[in-house]
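Colleague: I would like to learn how to read a model of this kind, one feature at a time. Could we go through it together, with the general idea before each case?

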Amino acid sequence: MRMRNTLAVTAAAVGTLAAIAAAPAQATTEYSSALKIKGVQYDAPGRDSNSCSSGNSRDEYLTIKNYSSTATVNLMGYVVKDATGNKFTFPANHYLEPGDYIKLRGGHGTDSDARNVVYRQNCNFIWNNDKDSIYLYKSSGARADVHSYTKSANDRDGNGYITYHG
């Protein structure tokens with residue numbers, strides 16, 4: 001009788017351990033990349049207008065950070081896409097030192113490593129205000145990071161900004 005109870009307890013414990021071990025793999029997919037999406041201002045403050053002269057598309061931005069403690073990463077050839085395939089490819093060298101970040105902004109402007117900014121040179125908005133997915137691809141084509149959001153689930157304070165990696 002005692003052996004049967006021990007077997008039942010052992011089987012239950014093994015089943016619990018197997019479930020715990022499987023949980024992290026299903027919860028989140030992490031990609032092997034120093035660069036990750038730190039956050040997104042998906043809803044630019046004010047009334048949306050993609051007019052190049054008076055619009056606010058430059059207030060919509062994506063922050064990409066180098067989370068490596070040792071590697072410098074060149075953004076040239078990296079691609080940012082949304083769920084419908086709108087995309088931006090970094091056309092020039094932009095080196096991110098360990099811990100450094102860059103803001104990819106809409107609108108026209110002068111790219112500056114010193115000011116940590118790259119402009120898409122396009123006045124159209126890329127991120128939807130209600131929900132979207134953000135994909136970051138390495139220059140090799142491998143996925144570096146991905147995040148999906150909905151305004152109601154992820155933007156609790158309603159300011160149009162969502163943080164992903166601290």
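**Reading the model step by step**

Modeller: Let us begin with one pair of residues: L35 has N66, in strand β2, as its bridge partner. Strands here are DSSP runs of E with at least two residues, helices are runs of H or I with at least four residues, and both are numbered from the N terminus. Residues are numbered from 1 along each chain as its sequence is written, and side-chain values use heavy atoms, with hydrogens and water left out. This is a predicted model, in which local features need pLDDT of at least 70 and side-chain atom pairs count only at pLDDT 80 or more, while totals for chains, interfaces and linings use all residues.

Colleague: What is the average pLDDT of the protein chain?

Modeller: The term pLDDT stands for the predictor's confidence in each residue, from 0 to 100. The protein chain averages 85, and 81% of the residues score at least 70.

Colleague: Which elements have the lowest and the highest mean pLDDT?

Modeller: Helix α1 (residues 2-27) has the lowest mean, 38, whereas strand β4 (residues 79-82) has the highest, 98. Over residues 1-28 pLDDT stays under 50, and the model has 0 contacts for them beyond four places in sequence, a contact being heavy atoms within 4.5 Å. Where pLDDT is low, the predicted coordinates should not be read in detail.

Colleague: How many bridges join β1 and β2, and in which sense do these strands pair?

Modeller: Two strands pair if DSSP finds at least two bridges between them. Strand β1 (residues 35-41) and β2 are antiparallel, with 6 bridges, and β2 also pairs with strand β7 (residues 101-105) in the antiparallel sense, over 5 bridges. In that second pairing, Y61 has R105 of β7 as its bridge partner.

Colleague: Is strand β2 mostly covered or uncovered?

Modeller: A residue is called buried under 20% relative accessible area, exposed over 50%, and partly exposed in between, with a 1.4 Å probe and protein chains only. Strand β2 (residues 61-66) is mostly covered, with 6 of its 6 residues buried. Y61, T63 and K65 are buried on one side, and L62, I64 and N66 are buried on the other.

Colleague: In what order do the strands of the open sheet lie?

Modeller: The open sheet has 4 strands in the order β5-β4-β9-β10, and their pairing is antiparallel. Because β5 (87-89) and β10 (143-150) stand at the edges with a single partner strand each, one side of each has no neighbour in the sheet. Neighbouring strands of this sheet are turned by 10 degrees against each other on average, direction ignored, where each axis is a line fitted to C-alpha atoms (for helices over the stretch in contact) and angles run from 0 to 180 degrees between N-to-C directions. Between β4 and β5 there are 3 bridges, and V79 stands opposite T89 in β5.

Colleague: How many salt bridges does the structure hold?

Modeller: Side chains of opposite charge can pair when their charged atoms come close. A salt bridge here is a side-chain nitrogen of Lys or Arg within 4 Å of a carboxyl oxygen of Asp or Glu, and the structure holds 2 of them. One joins the side chains of D43 and K151, at 3.6 Å from N to O. D43 lies in the loop between β1 and β2 and K151 in helix α2 (residues 151-154), so the pair ties together parts that are 108 residues apart in sequence. D43 is buried, with a relative accessible area of 15%, while K151 is partly exposed at 36%.

Colleague: With which residue does R120 form a salt bridge?

Modeller: R120 forms a salt bridge with E60, and the closest N and O atoms are 3.7 Å apart. R120 lies in the loop between β8 and β9 and E60 in the loop between β1 and β2, so this pair ties together parts that are 60 residues apart in sequence. R120 counts as buried at 12% relative accessibility, and E60 counts as buried at 1%. Beyond its neighbours within four places in sequence, R120 is in contact with several residues, including F88, L104 and F125.
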